[in-house]
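Visitor: Please take one part of this structure and go through it closely. I would like to hear about the salt bridges and how open to solvent their partners are.

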Amino acid sequence: MRTYTVIQLYITKELSKDQLDILADESITEHEKLLKLDPESAKRIHPNNKRKLERSLEVFKTFGMPQSEILEKQHLDPSGIRGKLRWGSVLLFSLDADPGILDERLDKRVDMMVSIGLEKELELFCSEPLVKSFTS
């Protein structure tokens, strides 16, 4: 069995003054910014999809190059590790089990979770304010 370690580094480019001005411009929408900085990604992303727009602009700010250019480089990678097919050889396993046995095991698992404090954990979780997470 072979093990691969892939480290793909992108050389970050300095943003031009024009690019920085576009990113800082609050009078235009994120989609309009993306149209100016990365038209290919802007074509793919719906103007109302804030999460993907933010991510694409974040990639541009971080690497100084359009996300579409980075994706294109990944798809053209001759090693195939980041190419069109992510895995060259895939082996799938499927296990069949009696539903009655699975139900019994699931019931035991839930009972154990409740006995070790699931209710308290959920109460604590629900009492804490939600924090906005960053999209990766």
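Guide: The model is a predicted one. E58 is a suitable place to start: its relative accessible area is 33%, and E58 is partly exposed. Its partner in a salt bridge is R55, with 3.5 Å between the closest N and O atoms. R55 is likewise partly exposed, at 26% relative accessible area. Both residues sit in helix α4, three residues apart, so about one helical turn separates them.

A search of the whole structure gives four salt bridges. One of them joins E40 to K43, where the closest N and O atoms are 3.3 Å apart. E40 and K43 belong to helix α3 and are three residues apart, which means a separation of about one helical turn. E40 has 47% relative accessibility and is classed as partly exposed, because that class ends at 50%. K43, at 65%, is exposed.

Another salt bridge links the side chains of D21 and K17, at 3.0 Å from N to O. These two residues lie in helix α1, four residues apart, about one turn of the helix. D21 is partly exposed at 38% relative accessibility, whereas K17 is exposed at 61%.

The helices named here also meet α2 (residues 30-37). In α2, the buried residues are H31, K33, L34 and L37. They span an arc of only 155° around the axis, so they are on the same side of α2. These buried residues pack against α1 (17-24), α3 (39-44) and α4 (50-63).

Methods:
Residues numbered from 1 in each chain as written. Predicted model: local features only at pLDDT ≥ 70, side-chain atom pairs only at ≥ 80, totals over all residues. Heavy atoms only, no water. Buried < 20%, exposed > 50% of the residue type's maximum accessible area, 1.4 Å probe, protein only. Arc of directions from axis to C-beta. Contact = heavy atoms within 4.5 Å.
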